[in-house]
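Hi everyone, thanks for coming. Please have a look at the sequence and the structure on the screen before I start.

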Amino acid sequence: MQPKSKILIIDDEEVVLDSCTMVLASAQCQVATAGNGAEGLKLLGSYQPDLFFVDLKMPGLSGLEVLEKIHSR
C-alpha cells in the first residue's frame with residue numbers, strides 16, 4: 001500500500017480550508033489545516049508535509065512571510 005501524501009493548507013478562510021480538505025481527502029491525501037501563518041509554521045515542524053498550500057493575503061503573518069520562513073529552514 002502506497003503511503004498517503006501529507007498536505008498542509010494555510011488559509012484564513014474556513015470555506016477554503018473545508019473545500020480543499022474535502023477534495024484532497026477524496027484523493028486519498030492526508031490533510032492538515034491552519035487558520036493563519038503562525039499556526040501553519042507551528043504545524044510544519046511536527047506534521048512535516050510533502051506539499052503545502054499557502055494563502056498569500058492573510059492578516060498578521062502574510063503568506064509571503066510564511067514562505068520566506070519556510071525557505072529559510
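I'll go from the whole chain to one helix.

This is a predicted model, where local features need pLDDT of at least 70 and side-chain atom pairs count only at pLDDT 80 or more, while totals for chains, interfaces and linings use all residues. Residues are numbered from 1 along each chain as its sequence is written, and side-chain values use heavy atoms, with hydrogens and water left out.

The protein chain has three helices and three strands, and along the sequence they follow the pattern β-α-β-α-β-α. Helices here are DSSP runs of H or I with at least four residues, and strands are runs of E with at least two, numbered from the N terminus.

The C-alpha atoms fill a box of roughly 40 × 30 × 15 Å along the principal axes. Of the 73 residues, 32% are buried, meaning under 20% relative accessible area, with exposed being over 50% and partly exposed in between (1.4 Å probe, protein chains only).

Now, which residues of helix α2, residues 37-47, are buried? They are Gly37, Gly40, Leu41, Leu44 and Tyr47. These residues are on the same side of α2, because they cover an arc of only 145° around the axis, taken from the directions from the helix axis to the C-beta atoms. On the other side of α2, Lys42 and Ser46 are exposed.

And what do the buried residues of α2 pack against? Their partners are β1 (6-10), β2 (30-34) and α3 (63-72), with contact meaning heavy atoms within 4.5 Å.
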